[in-house]
Amino acid sequence: MASDGTVYDNGYGICMIPISFITDGKWHDAKTTDGGYKSSYMHTTVLPGIVTKLKNVLGSHIVSRNVLLSDEAIDGTSTSYSWTTSDATLMSYGQLSGTFGTRKNKYDDGEAIYKLPIFNKGISYNINYSYWLRNIQTTLSASCITGNGTLDFANVTATGINIRPIIFLR
């Protein structure tokens with residue numbers, strides 16, 4: 001069940017998160033978080049490019065799934081979300097920490113309202129480099145995990161922050 005109360009069975013079997021990053025890139029090419037994660041450069045351009053390359057190896061095993069993504073932000077706060085279909089997304093902070101709605105509200109969490117088992121007791125999300133999350137932090141920045149495993153944020157046009165998407169397989 002998503003944070004809007006909708007239940008979807010995406011029919012996937014396993015969740016794949018790269019142990020290391022796939023590449024680096026900017027979260028958005030515009031200097032704003034207006035339009036939310038759904039309209040970000042990361043979601044519309046970078047991740048589809050990564051999925052195209054992964055499909056050369058994984059083929060039809062990649063699941064196109066229903067995701068609830070922030071689609072509007074005002075003054076650096078997500079204010080709504082909508083359903084869309086996606087092959088890959090960035091993780092939400094809640095999926096790492098198990099704490100939801102803490103980055104501001106439910107619109108950043110969307111359908112990602114479950115802690116990923118890999119981050120349960122004894123497993124850290126510190127992997128010695130920074131990587132983007134899908135949560136909006138301010139008008140000009142999005143959340144990321146730093147190289148030492150702490151939550152931080154960076155300007156959405158920053159380069160050199162890595163991409164560690166979540167992809168579901170069947």
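Is F21 buried, partly exposed or exposed? F21 has a relative accessibility of 36%, so this residue counts as partly exposed. The legends below describe close-up views of a predicted model.

**Figure 1. The aromatic pair of F21 and Y129.** The structure contains 4 aromatic pairs. In one of them, the ring centres of F21 and Y129 are 4.7 Å apart and the ring planes meet at 75°, so the pair is classed as edge-to-face. This pair links distant parts of the chain, since its two members are 108 residues apart. F21 belongs to the loop between β1 (14-16) and β2 (23-24), while Y129 belongs to the loop between α3 (106-109) and β5. Y129 counts as buried because its relative accessibility is 12%, and buried means under 20%. F21, at 36%, is partly exposed. Together with Y131, these two residues form one aromatic cluster.

**Figure 2. The aromatic pair of W27 and Y37.** The rings of W27 and Y37 have centres 6.0 Å apart and planes at 50°, so this pair is tilted. Both residues lie in the loop between β2 and α1, and the pair therefore ties together parts that are 10 residues apart in sequence. W27 has a relative accessible area of 0% and is buried. Y37 also counts as buried, with a relative accessibility of 1%.

**Figure 3. Charged side chains over aromatic rings.** Two views are shown here. In one, K26 is placed over the face of Y41, at 5.4 Å from the ring centre. In the other, the charged end of R164 sits over the ring of Y131, 5.1 Å from the centre of that ring. Y131 is also a member of the aromatic cluster with F21 and Y129.

**Figure 4. Helix α1 and its bend.** Helix α1 runs over residues 41-58 and has 18 residues. From its first C-alpha to its last, the helix reaches 24 Å, which is close to the 26 Å expected at 1.5 Å a residue. At L47, α1 bends by about 30°. A proline, P48, follows within four residues of that position. The buried residues of α1 include M42, H43, V46 and L47, as well as I50, V51 and L54. Just after the helix, G59 adopts a positive phi of about 55°.

**Figure 5. The largest nonpolar core.** This core holds 24 residues. Which of them touch the most other members? They are W27, Y37, M42, L47, L90, W132 and I163. Several elements, namely α1, β3 (65-74), β5, β6 and β9 (167-169), each supply at least two residues of the core. The most is given by α1, which provides 6 residues. Two residues from earlier views appear again here: W27 and Y37, which form the tilted pair.

**Figure 6. The buried arginine R134 and its polar contacts.** R134 is located in strand β5. Its relative accessibility is 2%, so R134 counts as buried. The side chain of R134 makes a polar contact of 2.9 Å with the side chain of E111. In addition, a polar atom of the R134 side chain lies 2.8 Å from the backbone oxygen of D109. One arginine side chain is thus shown with both a side-chain partner and a backbone partner.

**Figure 7. Q137 in the loop between β5 and β6.** Q137 lies in the loop that connects β5 (131-136) to β6 (141-145). Is this residue buried or exposed? Q137 counts as buried because its relative accessibility is 13%. The side chain of Q137 is joined to that of S143 by a polar contact of 3.3 Å.

**Figure 8. D75 in the loop between β3 and β4.** D75 is found in the loop between β3 and β4 (77-86). Its phi is near 50°, a positive value in a residue other than glycine. The relative accessibility of D75 is 67%, so this residue counts as exposed.

**Figure 9. N155 in strand β7.** Strand β7 covers residues 151-155 and contains N155. With a relative accessible area of 35%, N155 is partly exposed. N155 and G110 are 45 residues apart in sequence, and their C-alpha atoms are 22 Å apart in space.

Conventions
Residues numbered from 1 in each chain as written. Predicted model: local features only at pLDDT ≥ 70, side-chain atom pairs only at ≥ 80, totals over all residues. Heavy atoms only, no water. Buried < 20%, exposed > 50% of the residue type's maximum accessible area, 1.4 Å probe, protein only. Polar contact = N/O pair within 3.5 Å; in protein donor to acceptor, adjacent residues only side chain to side chain. Expected span 1.5 Å × (residues − 1). Bend = angle between axes of the 7 residues up to and from the residue. Phe/Tyr/Trp six-rings, centres within 6.5 Å; stacked < 30°, edge-to-face > 60°. Lys NZ or Arg CZ within 6 Å of the ring centre and 35° of its normal. Core = buried A, V, L, I, M, F, W, Y, C linked by side-chain atoms within 4.5 Å.
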